[in-house]
Amino acid sequence: MPMKECEYCKADTGGAPICSRCADRQESHRRALEVDKRVRLALVQDLVDSHARAARKEIVKAHWRLNNFLNRGIVPDDLKQGGPN
Ligand SMILES: [Zn+2]
C-alpha cells in the first residue's frame with residue numbers, strides 16, 4: 001500500500017513520502033548543518049594552524065637565543081640575574 005501522507009506533517013501528498021513544504025524545510029536544515037560543520041572545521045583548523053605557527057615562532061626564538069649566547073655571549077634579559085650591572 002503506497003504512502004499518501006507526508007511522514008512529517010501528515011499532509012496529503014498524493015503518494016510521495018514527504019510534502020514539498022517539509023522537503024524544503026529538510027533541505028534548508030541540511031544546508032544549515034553543512035554550513036555549521038564547515039565553519040566549525042575551519043575554526044578548528046585555524047586553531048591548529050595558530051598553535052603550529054606559535055610553536056614554530058617559539059622554536060625560532062629559542063634557537064636564536066641559544067645561538068646568540070653560544071656565539072656572542074649575549075644573555076637574554078629574562079635570564080639575567082640581579083638586575084643591570
Ligand atoms: Zn509535510
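The overall form of a predicted model is described here, followed by its helix and the segment after it.

The protein chain contains 1 helix and 0 strands. Its C-alpha atoms fill a box of roughly 95 × 25 × 15 Å along the principal axes. The radius of gyration of the protein chain is 31 Å, whereas a compact globule of 85 residues would have a value near 12 Å. Burial is absent by the count used: 0% of the 85 residues of the protein chain are classed as buried.

Helix 1 spans residues 20-72 and comprises 53 residues. From its first C-alpha to its last, helix 1 reaches 76 Å, close to the 78 Å expected at 1.5 Å a residue. Helix 1 is hardly covered, with 0 buried residues among its 53. Glycine 73 follows helix 1 and has a positive phi, near 70°.

Aspartate 78 lies in the segment after helix 1. This residue counts as exposed because it has 6 C-beta neighbours inside 10 Å, and the cut-off for exposure is 12 or fewer. Aspartate 78 is 52 residues from glutamine 26 in sequence, and the C-alpha to C-alpha distance between the two is 59 Å.

Taken together, the protein chain has a radius of gyration of 31 Å, no residues counted as buried in helix 1, and an exposed aspartate 78 in the segment that comes after this helix.

Conventions
Residues are numbered from 1 along each chain as its sequence is written. This is a predicted model: local features need pLDDT of at least 70, side-chain atom pairs count only at pLDDT 80 or more; totals for chains, interfaces and linings use all residues. Helices (H or I, at least four residues) and strands (E, at least two) are DSSP runs, numbered from the N terminus. The expected span of a helix is 1.5 Å times one less than its number of residues. A residue is buried if 20 or more other C-beta atoms lie within 10 Å of its own, exposed if 12 or fewer, and partly exposed in between; C-beta atoms are placed from the backbone. The radius of gyration is taken over C-alpha atoms; the globule rule is 2.2 Å times the number of residues to the power 0.38.
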